[in-house]
Amino acid sequence: MRNWLLLLCPCVLAAALHLWLRLHSPPPARAPGAGPADQLDQLALSSQGKSHHYDVVVGVLSARNNQELRSVIRSTWLKHLKQNPVLSQRVLVKFIIGAHGCKVPVEDREDPYSCKLLNITNPVLNQEIEAFSLSEDTSPGLSEDQVVSVSFRVLYPIVITSLGVFYDANDVGFQRNITVKLYQAEQEEALFSARFSPPSCGVQVNKLWYKPVEQFILPESFEGTIVWESQDLQGLVSRNLHKVTVNDGGGVLRVLTTGEGALPHEFMEGVEGIAGGFIYTIQEGDTLLENLHSRPQRLIDHISNLHEEDALLEEESSIYDDIVFVDIVDTYRNVPAKLLNFYRCFRLNWAVDRTGKWQELEYPSPAYPAFACGSGYVISKDIVHWLASNSERLKTYQGEDVSMGIWMAAIGPRRYQESLWLCEKTCETGMLSSPQYSPQELRELWKLKELCGDPCKCEAR
């Protein structure tokens, strides 16, 4: 009989399949040289210390703090499964949970989906800051590039007040025609721009010419690109990114380079580099200082909460014996994207996001291969073994669902689409899965199903 692995995401549940295959819960004793695929077999063959063979292993991807959701599952369909004498012998259900909580409080992270510290120290407040500067003994050189650009991410709100271009020491006065524009990532229209020409070259500050622009507050997590474009036949005066000093205001912004995880080269405007700069100010300075002042106590409280969470998870695992801990830090950036809420079944020609929660910086094409939506899918044992055997070599992308699609494109398995496997929050008679319901909503759906056989409606009898 063929074995199957079912991955579920009934709502905001989280973990990654390729990490799940390297079970760290701790693993049962195994023979010397046994690999991840052998571990998977041993999980399927044992529950509560009893040797058993299961036809289906259900992995429910769950975040550490989703105890209430796990409780709902245990009191609804999992309870029904365990009480069924046939299903209980054929199906094994495990919640897949990250073994480690993030040690950085949410308020102190670069974004709520990662575990990276927002490392702001000694912020430069109540004054204008030049984003880029050249040392005294460094002069920008004339390049052959007509278009040069640099991307950056805002880590704390700023306002850009001026855009600038490099001063060419060989020119007598300003003799060029250059347009500078600021784009928000993935947007075709510029937020604002400045045009430099001999009769209108702006104000010279240090080794740059600046012009004021319309002022917008660029919020935390804003990602933008400054583009310099020459309107002349000659190239721009520019420098390599590594030849300029970045003034980040104490850590409120970061320059993104193609070599450090920014957009692939084909998505950049022109050549990566610096052909000028911009002037900005930090917003909400008092709030920032207050936040930094309270950070030490916040960290103490957060670590204490993590210890309590660890103890609760250990107790929960001991009581129910249905949790597998995987060796990851439990944050959204480390887990599958489970909340894609459009279309059904397999996703075809799904556009790649370059910003936001589902930001993809590793996959260069504009669309993903076909992939199963993230609320759940079933894969056969031979595919599970292939994934387990190659887990150290498979590259991970922004989401577990799209990662699966890319991995599966390499082996071309047969795909079966089921219209009742829903990818958005909706209710249909006979549905197999629907994401994003709250714990209370899940309870109500199950009550209707038990009472009338239909979770969507229940006519009076």
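**Exercise 1. Classify the burial of F278 and Y280, and the geometry of their ring pair.**

Step 1. Both F278 and Y280 are buried, where buried means under 20% relative accessible area, exposed over 50% and partly exposed in between (1.4 Å probe, protein chains only).

Step 2. This is a predicted model, in which local features need pLDDT of at least 70, side-chain atom pairs count only at pLDDT 80 or more, and totals for chains, interfaces and linings use all residues. Residues are numbered from 1 along each chain as its sequence is written, and side-chain values use heavy atoms, with hydrogens and water left out.

Step 3. Rings of Phe, Tyr and Trp (its six-membered ring) pair if their centres lie within 6.5 Å; planes under 30 degrees apart count as stacked, over 60 as edge-to-face and the rest as tilted. A search of the whole structure on this basis finds five aromatic pairs.

Step 4. For F278 and Y280 the ring centres are 5.9 Å apart and the planes stand at 50 degrees, so the pair is tilted.

**Exercise 2. Describe the pair formed by F152 and F222, and place the pair in the chain.**

Step 1. The ring centres of F152 and F222 are 6.2 Å apart with planes at 45 degrees, so this pair is tilted.

Step 2. F152 belongs to strand β9 (residues 147–154), while F222 is in the loop between β15 (217–218) and β16 (223–230); the pair therefore ties together parts 70 residues apart in sequence. Helices (H or I, at least four residues) and strands (E, at least two) are DSSP runs, numbered from the N terminus.

Step 3. The relative accessible area is 2% for F152, which is buried, and 6% for F222, which is also buried.

Step 4. Ring pairs link F132, F152, F222, F278 and Y280 into a cluster.

**Exercise 3. Determine how α3 and α7 are oriented, and which residues make their contact.**

Step 1. The axes of helix α3 (residues 67–75) and helix α7 (residues 295–320) come within 12 Å and cross at roughly 10 degrees. Axes are lines fitted to C-alpha atoms, for helices over the stretch in contact, and angles run from 0 to 180 degrees between N-to-C directions.

Step 2. This crossing makes α3 roughly parallel to α7: angles under 35 degrees count as roughly parallel, over 145 as roughly antiparallel, 65 to 115 as roughly perpendicular and the rest as oblique.

Step 3. Q67, R70 and R74 of α3 are in contact with L313, E316 and Y320 of α7, contact meaning heavy atoms within 4.5 Å.

Step 4. By class, this contact has two nonpolar, one polar and three charged residues. Here Ala, Val, Leu, Ile, Met, Phe, Trp, Tyr, Cys and Pro count as nonpolar, Asp, Glu, Lys and Arg as charged, and the others, Gly among them, as polar.

Step 5. The charged end of R74 sits over the ring of Y320, 4.0 Å from its centre; the criterion is NZ of Lys or CZ of Arg within 6 Å of the ring centre and within 35 degrees of the ring normal. K211 likewise lies over the face of F196, at 5.7 Å from the ring centre.

**Exercise 4. Analyse the packing of α8 with α9, and of α6 with α7.**

Step 1. Helix α8 (residues 381–389) packs on helix α9 (residues 400–409) at about 95 degrees, with axes 12 Å apart. That makes α8 roughly perpendicular to α9.

Step 2. I383, W386 and L387 in α8 meet M404, W407 and M408 in α9. The residues of this contact divide into six nonpolar, no polar and no charged.

Step 3. Helix α6 (residues 285–293) and α7 have axes 5 Å apart and an angle of about 50 degrees, which makes α6 oblique to α7.

Step 4. N291, L292 and H293 in α6 meet R295, P296 and R298 in α7. The division is two nonpolar, two polar and two charged.

**Exercise 5. Locate the contacts of R295 and E107.**

Step 1. R295 is in helix α7 and is buried, with a relative accessible area of 16%.

Step 2. Not counting residues up to four places away in sequence, R295 touches D108, L117, L118 and I120.

Step 3. E107 lies in the loop between β5 (91–100) and β6 (129–130). With the same exclusion of residues up to four places away in sequence, E107 touches N291 and R298.

Step 4. The C-alpha atoms of E107 and R298 are separated by 8.9 Å, although these residues are 191 residues apart along the chain.
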